[in-house]
Every structure is written in C-alpha cells, then in structure tokens.
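The report below considers how side chains pack in one protein chain. Please read it alongside the sequence and the coordinates.

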Amino acid sequence: MINLIAMKKVIYAIALFTVCFNGNAYTQNDSSVIKNAAAGLKKLSDDHIIEKAYLHFDKPYYAAGDTIYFKAYVTLGEHHDLSNASGILYVDLIDPNNTIVGSIKLHLVNGVAWGDFSLSFLLPKGNYRVRAYTRFMQNAAGYFFDQAIPVGSVMSNQAAKSTASAQTEKADLQFFPEGGELVTAIISKVAFKAIGANGLGVNVKGVVIDNTDKQVTAFSSTHVGMGAFRLQPEEGKTYKVKVTFADSTQNTFDLPAPVSKGIVLAVKDTLDKIAIEIRSNKAYFQENFGKNISLVIYGGGFVSTVNTKLDSRRLSMDIPNSQFPSGIVQVTLFSQNGDPLSERLLFLQNPDQLNLTVNVNKISNRKRGAVSININSKDKGNDVQGHFSVSVIDETKVPFDENNETTILNYLLLTSDLKGYIEQPNYYFMHNTSQSYADLDNLMLAQGYRRFAWKQLLDDNDARFTYEPEKTLEITGIAKTASGSPAARMNVMLLSSNKSSMLEQRTGNDGEFKFGNLPPFADSSLLTLQATGSTKASGTTFLTVYPDRPAPAVSDKKLPGLQPDVNRSMITYLNNSQAQHHTLYNSIAIRPVGEQRADQVVSGDEIGSSASLVTALNGRLAGVNFIQGIPYLKGGALKDPMLIVVDGKIVGSYVNLDKISPGDIEKVEVLKGSNTDSYGIYGHAGVLAITSRTGIQKGIMQDASYKYNSKNIVKGKRISFDNSKNNYLSSNYGGSGHADQVVKGDVIKNAQSLSIGLSGLLAGVNFMNGTPYLPSNIVLTSGRMVVEPMYIILDGSPYNATGQGINDISPNSVETVETLKGANASIYGINGGAGVMVITTRLNNSVEKNDATALPSLTFRAKGFYIARQCYSPKYDKVSEKNNRPDLRTTIFWAPELTTNKDGNASFEYYNADGHGTYRLVVEGIDSAGNIGRQVYRYKVE
C-alpha cells in the first residue's frame with residue numbers, strides 16, 4: 001500500500017499501472033489529465049520503443065599498435081531486455097577530426113556481438129571515438145553509443161588533427177531550482193553547477209545576497225562543481241550570488257527571479273520510499289483552491305498516478321520505490337487543464353541488479369601463474385542464465401580513475417538518458433554513501449531528462465519512427481540493357497564463391513533487384529551476380545550492385561574531460577608499450593651507425609653537489625625545458641618528451657629524473673636531430689643519455705624498462721612513396737624500391753582470399769593454410785628439418801597471423817605486397833632469415849564500388865559481418881623456448897562471450913603475465929530477463 005501523509009489534507013485517489021511494450025491495457029481513471037498522460041505514454045511505448053547499445057572494452061585507453069577489443073550489448077526498451085529486433089550492429093572508429101577511419105558490421109544474435117579494431121603502429125596519437133548503432137537507432141541518434149578512446153603513441157610525435165570546438169573561455173555558474181522555478185514564500189532547494197574554462201566542473205564557494213546586500217545563506221560545491229543550498233525568496237526581493245572559483249577568481253551571478261504566484265514539487269528518495277511534497281504559496285492557493293491537480297510518476301516503463309484537489313498549501317505522500325526499477329524517475333505535476341506545472345527528476349538505486357560472484361578455483365600470485373575462475377549470476381537469490389564479458393588487465397600498467405569509467409550500470413541506467421556531458425559517471429555507483437546519494441540528486445536537478453516532452457505527447461505531435469529494425473544482410477542493385485534502359489522482369493541469380501549457395505530474384509519494372517534475408521556471410525566474401533534467361537538477353541545485361549547506405553554524419557562531440565595530449569595522460573602505459581615494441585625488434589641487426597655523437601655533454605663533476613638532477617640540469621641544457629621534471633626539446637606546445645637512456649637501458653619517455661642521484665653520474669648527453677638516428681623511432685623527440693660512474697654497485701635507475709643496444713634497433717620508417725620508377729606505397733623499413741618483387745593491390749582485389757590471389761604471382765613463394773613460405777628456407781630446429789614461414793609485416797608492424805595466415809586480410813584492402821629475400825630482408829635481422837612479406841593497406845580503404853559489367857555475370861566483394869579476432873592468451877603449462885620472451889601484456893585475459901548455465905555458472909582459465917602488482921578482473925553482462933550486473937575483483941601478482 002502507498003502510505004499517504006498530508007499536512008492538512010490526505011491525497012486520495014491513486015492509480016498504479018505499468019506501461020508495457022506489448023500493449024497491455026491501462027487502469028482507467030476519471031481524470032482526463034491522467035487519461036491523456038496514459039495515452040501519450042502508451043503511444044511512446046508502442047511507437048517509440050528504443051534500442052540502446054553499450055560496449056564493454058578490455059581497457060580504458062590504448063597505444064598505436066594495440067588492438068581494441070569490445071563486447072556489444074544491445075537492449076530493447078526500458079527494461080533492458082536483450083534486443084531481438086535488430087540483427088546488425090554498425091561500429092565505427094572515429095578520429096579526432098571526426099572522420100570514420102574504421103567501420104565494421106557485427107552480427108547481433110540475441111542482442112550481443114563482439115569485435116575489435118587493430119590500430120596501426122603509424123596511427124597518430126589523439127582522442128578517438130568508438131560509435132555503435134543499429135539502423136533502428138537512427139530514429140533517435142541521441143541513443144547512439146559514442147565513447148572517447150584515447151590512443152597514445154611511442155612512435156610518433158604527430159598528433160591527429162582535431163576540429164573539436166573550443167571550450168568555454170571563462171568559468172560559469174548555473175542554477176537549477178527544484179521543481180523548475182523559485183516561488184516567493186516557499187523554501188526551495190537550488191542546485192548549482194560551476195563549469196571551468198576547460199568545460200569540467202570546478203570547486204566553488206559563495207554567498208547568496210538579496211537586493212539590500214544582506215547575506216541570506218552560504219554554500220560550497222561538494223562534487224565536480226555541483227552542490228545545493230536552500231532559499232525562501234521574499235516578496236519584492238531579488239537575489240544574487242557572489243562566488244569564488246577554485247583559481248581564486250571571483251564573480252557575481254543573478255539567481256532566477258522568484259515568481260510571486262506558483263506551485264512546486266519537492267521530491268526525495270529516502271530509505272525505501274519516494275517522499276513527495278506539493279507546495280503552493282498563498283497567492284496561487286487562493287486562486288486555485290479546490291481545483292484538481294494530478295501527479296504522474298514515470299520510470300523504467302512503469303507509471304504511478306495520483307489525483308486530488310488543491311485544498312491545502314502543503315500536501316505530501318510516500319510511494320514505495322520498489323514500484324520502479326533502478327534508474328531515472330520523472331515526477332510531473334499537472335494542472336486541472338493538463339498543463340505541466342512543476343517537474344522533478346530523481347534517481348533510484350534499488351537492489352535489483354544481478355548479483356555476480358567471482359569465485360576463485362585456483363589463483364597464483366606469481367608471474368605466469370595459472371588462474372582458474374568461476375562466476376555465478378543470481379537474480380533475487382535465484383541462479384540465472386545470461387551473457388557476460390570478462391576483462392583482466394594489469395592495473396599497475398594501466399592506471400586510471402575509476403570514477404571516470406563508463407560501465408554497463410552507469411551507461412544504461414544514467415548517462416544514456418541525460419543531456420550533456422556527465423563527469424565521473426561511475427562515482428555515483430562506486431560510492432554508496434549519503435554524500436554520493438546527495439551528489440547524484442544534485443546531478444538530477446542540474447541535467448535534464450530527454451526521453452520525451454510532455455507537450456509533444458499530450459498534443460499528439462510526435463512523429464512515428466521512420467527506420468525499421470534491420471534483421472539481416474541484403475544486397476541491392478540494378479540491371480540495365482545495353483541501351484541503358486531498365487531490364488524489367490529479368491531473373492537475377494546470386495551465387496556464393498564456391499557455388500554452394502544460390503538465390504534468385506526478379507527485377508522490378510525499374511530494373512532494380514533486392515536479395516534480402518540473406519544468411520550471415522563474412523566481410524569481403526566473394527559473390528557473383530548472374531543474369532539468367534535467354535542467352536541474348538543475359539549477355540547484353542549490365543549489372544550494378546549498390547553500395548551500402550552511407551554512415552550517419554559524425555557530429556563534433558564536445559568532450560571536456562579529455563586531455564589534449566593523450567601521451568601525458570598514459571605515461572606508465574606508454575612506457576610499457578615502448579618496451580613491448582622493443583621486444584619485437586630486439587634481435588634485428590642493421591648496418592653499424594658509428595659512434596654516438598652528442599649535441600651537448602655535461603660532466604658529472606659539474607652537477608655532483610646539486611640537491612636533485614632536475615635542479616642541476618634545468619637551465620644548463622641548451623634547448624631543453626623541464627615540465628614537471630620531464631625534459632622536452634624547446635619548440636612546439638605538444639612535443640613528446642625526450643627519450644631517457646641510462647647506462648644503455650631505455651627507461652622510457654616519461655621519467656622522474658629525481659630518482660637518480662647527481663653524485664652517481666659520470667656524464668649527461670643531449671642528442672638531437674640526426675644524432676638520434678641510431679635510436680630510430682624512439683629518438684624522434686630527442687635523447688637524454690645518462691652514464692653512471694664506475695664502481696656504482698647498483699644501477700642508478702632500478703626500474704629501467706629494458707636493455708638497449710644501438711646496433712640492434714631498426715630505424716623506423718613510415719609508409720613511404722618513392723616518386724622514381726618505384727612509385728608505390730610501401731611500409732617496408734627499407735622504403736619502396738627495396739623489394740625482390742612487388743604486386744599491386746588492383747591485380748588481386750577480386751581474389752577469393754589474399755593467399756589465392758598471390759599464388760602463382762609471387763616467384764618462389766608457396767602458401768600453406770594462408771601462410772607464406774620460401775621452399776628454399778629449410779632450417780634445422782630441435783633435430784628436425786622444418787620450413788620456417790616468412791616474416792609478415794602489415795603496415796609497418798609485425799603481423800600475428802591466425803590459423804588463416806594472411807587470409808584474415810581482405811584482398812580489397814591491400815595496396816601493395818612486397819617479398820624480400822637475402823640482402824633486402826637483412827634489415828629485419830634474424831627475423832628476415834626466412835624471407836619477409838610486407839603488406840601495405842590502402843590509405844583510404846573504403847568499400848569498393850561495384851561498377852557495371854556488360855558480361856552476363858558480375859563478381860564482387862560484399863560487405864558482410866566482421867569476424868572478431870581472438871585475444872592472445874599464452875599458456876605456460878609447458879616450458880618452451882618461446883616462453884623466454886618477456887610477457888609485457890597489459891590485457892591479461894579477454895573473453896567477450898561467457899554464458900552462464902542453468903545453475904548460473906561459467907568458468908574460464910588464463911595465465912598471468914610478467915608484470916607484478918595489482919590485476920583487475922571485471923565481469924559485466926545481462927541475463928535473459930534484462931537484469932544487468934557488474935563485478936570487480938582484484939588480486940596481487942608478486
């Protein structure tokens with residue numbers, strides 16, 4: 001029962017009903033206002049059911065050369081049921097210039113799918129975005145999933161250009177009275193939000209003064225620039241706020257002018273109930289005494305309604321919050337004429353999420369130790385089946401602020417339904433304290449709900465959706481005669497590459513054809529269209545396949561929480577990434593580069609008495625600035641820091657030099673320009689080389705990342721274009737023109753697979769399961785004669801081929817394929833001993849246009865479903881020679897699809913890497929009833 005408490009009058013009639021997406025009947029009520037509201041909400045649920053997409057990533061940020069792994073959950077409606085409406089999910093990788101640089105289609109099965117984006121080592125650093133949507137979501141683009149993904153780079157000091165709009169130039173302060181407006185003689189809660197020049201919340205404190213300069217109250221922010229105070233405006237008075245921002249600047253702002261006649265809502269989530277008060281001042285009460293007023297409480301697809309008469313200036317009631325699921329609840333007060341008078345949002349945090357338990361079957365706290373985990377999912381104490389994803393990262397190498405994390409809980413329940421940028425969304429779910437609840441309530445007042453507008457619903461002006469859910473892949477096109485006229489009523493056959501599948505359609509009067517409800521097929525599958533009928537008709541038919549619909553326009557999304565130089569926001573991670581990249585090349589020999597030459601040398605005797613190394617070097621090194629103790633070459637606001645090398649060991653690019661005692665130093669050398677060539681890609685921003693004095697018992701830098709030998713580092717090259725006779729794109733370290741053979745992509749673009757296209761074209765190269773071999777390269781390994789595969793380079797990076805070899809690469813995406821043998825392969829050191837295959841993809845790799853053909857058939861590559869890669873997870877159960885390579889992984893384990901059984905259980909196993917510190921396991925997912933859950937588990941590796 002709903003407990004009604006009134007100050008002077010009990011509120012009587014209450015109707016409780018549910019808005020369901022299957023069109024269940026509504027409880028009738030005598031009030032026309034309630035009828036209109038119910039009809040509007042029913043129309044909303046019937047005609048405007050929404051899909052949402054949420055992506056769970058394996059980690060919060062990446063470096064060029066990494067792979068972004070993600071799991072997609074697509075829900076339907078406000079109960080978060082996994083969607084069975086759409087069968088295709090589009091996922092785009094967007095660069096800082098708002099250009100789509102990668103796009104894939106994923107096959108949604110029961111609302112879930114998973115995929116990845118492989119980032120080139122040559123990708124410029126910057127704040128990228130991943131966008132996910134279905135065609136059905138294009139009815140309401142505000143529900144596209146769109147998350148910022150910072151990408152750093154240890155190889156390039158070039159940042160991706162950005163067209164992002166400039167942020168606010170000065171700090172601002174906004175006020176949000178509870179219920180919508182200040183009313184004289186009524187005590188109201190007033191929330192505020194202070195925003196700094198960078199668009200983020202800033203701490204602020206101040207006082208409220210009236211027009212006589214009398215101080216009324218004082219306040220200060222409690223979280224990310226937000227807070228609240230209470231104010232009872234007096235008749236005839238106006239109010240200002242004098243504030244001091246975090247940077248000590250001061251300003252004065254006007255509060256909204258109080259209205260002399262009005263009514264407001266006051267709402268609070270307290271214990272297990274929603275406490276609602278309706279307050280009117282004397283002028284409003286006298287004018288509207290005895291009139292009907294109505295409340296509509298809406299949240300998560302459920303509605304509670306209340307009708308009463310205004311016969312008391314203060315009415316109150318309690319509604320059990322268990323009637324609504326966790327999430328945003330909207331409380332609206334209507335007049336007798338159906339006009340919204342006052343509105344209030346609140347957020348309910350009920351104990352209705354899945355209970356996910358991480359049970360450790362076996363866990364090793366040592367490096368490369370085995371871990372066995374079981375997860376159990378329960379809803380209200382009952383075991384449930386569901387879809388889940390699991391990520392394990394080395395948190396010591398991937399540090400981040402969990403308050404800023406996007407999770408399945410804060411996205412589906414909070415941020416996807418609020419306007420504007422939500423700073424630190426996970427703060428409200430991590431900290432279950434009275435303060436965090438109060439801060440969340442201030443957020444509800446400060447940022448408005450966007451699901452619907454009452455005026456549109458009550459006036460029936462809301463248009464129906466125009467995009468239908470997209471279930472399956474389809475191929476459309478047109479058939480024309482030799483004269484260009486539509487080939488009407490002609491049969492067209494669609495065949496798979498191996499002719500095992502055939503479908504037939506008839507063209508319309510306009511010559512167009514459509515193959516719908518196609519079975520799932522992989523991206524870049526080779527298909528054939530064939531005109532059938534008489535030989536004469538089919539032989540003179542031109543067939544054209546229409547390209548996919550263009551992707552929705554990419555908006556300039558304002559994201560004030562992002563760092564302009566992403567490298568500085570992921571220092572620890574990039575140091576590890578640099579070490580990972582080094583391990584790939586640490587045995588590659590190049591020609592000797594001679595003695596190291598320095599631009600400046602500082603003797604240890606000059607600085608030995610200094611208190612710290614930074615103090616000693618600051619101002620002493622020509623052309624070098626120190627920012628927060630980190631050395632940078634002068635010139636350029638966003639330059640990368642200098643590379644630090646200590647006693648032949650690369651320490652990294654972001655290093656606290658004060659870990660080194662000046663008294664232990666023999667010399668400090670500064671290298672710039674061509675003098676850094678022997679350091680290759682690592683020295684592009686300059687090198688600071690430090691040599692310790694002889695006799696030092698321990699290394700002066702204990703946490704050096706890895707050993708460095710200038711003769712064992714390849715000088716990195718970007719994709720080159722030689723304008724001479726060798727004019728082709730190349731990611732060969734030696735540049736274009738230094739290959740034994742080159743095959744242009746246009747020759748093989750229509751091949752069934754890359755290995756099939758190259759077979760017979762590449763002299764002396766054989767393929768086995770998509771893997772290239774030079775038959776002459778027979779080597780002796782462990783007493784056995786074996787043929788070693790060629791070393792594969794894709795866009796300048798070593799390619800980790802799967803069981804399909806190079807056939808994971810679409811022939812249509814390839815610009816050039818080069819084979820290197822003997823001397824040409826020597827630049828890759830011992831890795832090139834069996835020959836090297838360098839594959840360079842197109843710079844603008846878009847879907848190929850399928851032009852018309854006068855032949856009776858047209859062979860083309862269709863844009864099908866992307867096949868996700870499997871995240872590499874080594875097994876250390878057997879000691880092998882390969883296991884001696886350092887394991888510097890940051891994503892320790894990634895399982896995109898774990899399904900719990902009828903007992904609610906799912907298990908998985910993996911091995912730790914070489915990193916020591918805290919490992920963080922995150923499991924997220926949804927059960928078959930739409931209940932969502934998340935759990936975090938940490939353990940130490942010594």
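What follows describes nonpolar cores, aromatic pairs and a few individual residues in a predicted model.

**Nonpolar cores**

In soluble globular proteins, nonpolar side chains tend to be buried together. In this model the largest nonpolar core comprises 80 residues, and within it V91 and L529 have the most contacts. Leaving aside residues up to four places away in sequence, V91 touches L55, F70, G102, S103, I104, L106, F117, V130, R131 and A132. Apart from this largest core lies another one, of 23 residues, which includes L354, V384, L898 and V941.

**Aromatic pairs**

The structure holds 24 aromatic pairs. One of them joins Y937 and Y939, whose ring centres are 6.4 Å apart and whose planes meet at 35°; the pair counts as tilted because that angle is neither under 30 degrees nor over 60. Elsewhere, ring pairs link Y54, F57, F70, Y73, F117, F145 and Y411 into a cluster, and two of these residues, F70 and F117, are also touched by V91.

**Accessibility of selected residues**

The table gives the relative accessible area of the two paired tyrosines and of N288.

| Residue | Relative accessible area | Class |
|---|---|---|
| Y937 | 26% | partly exposed |
| Y939 | 5% | buried |
| N288 | 11% | buried |

N288 counts as buried because its relative accessible area of 11% falls under the 20% limit. This residue belongs to helix α2, which spans residues 282–288, and its C-alpha atom is separated by 9.5 Å from that of S335, although N288 and S335 are 47 residues apart along the chain.

Note on methods: Residues numbered from 1 in each chain as written. Predicted model: local features only at pLDDT ≥ 70, side-chain atom pairs only at ≥ 80, totals over all residues. Heavy atoms only, no water. Core = buried A, V, L, I, M, F, W, Y, C linked by side-chain atoms within 4.5 Å. Buried < 20%, exposed > 50% of the residue type's maximum accessible area, 1.4 Å probe, protein only. Contact = heavy atoms within 4.5 Å. Helix = DSSP H or I, 4+ residues; strand = E, 2+ residues; numbered from the N terminus. Phe/Tyr/Trp six-rings, centres within 6.5 Å; stacked < 30°, edge-to-face > 60°.
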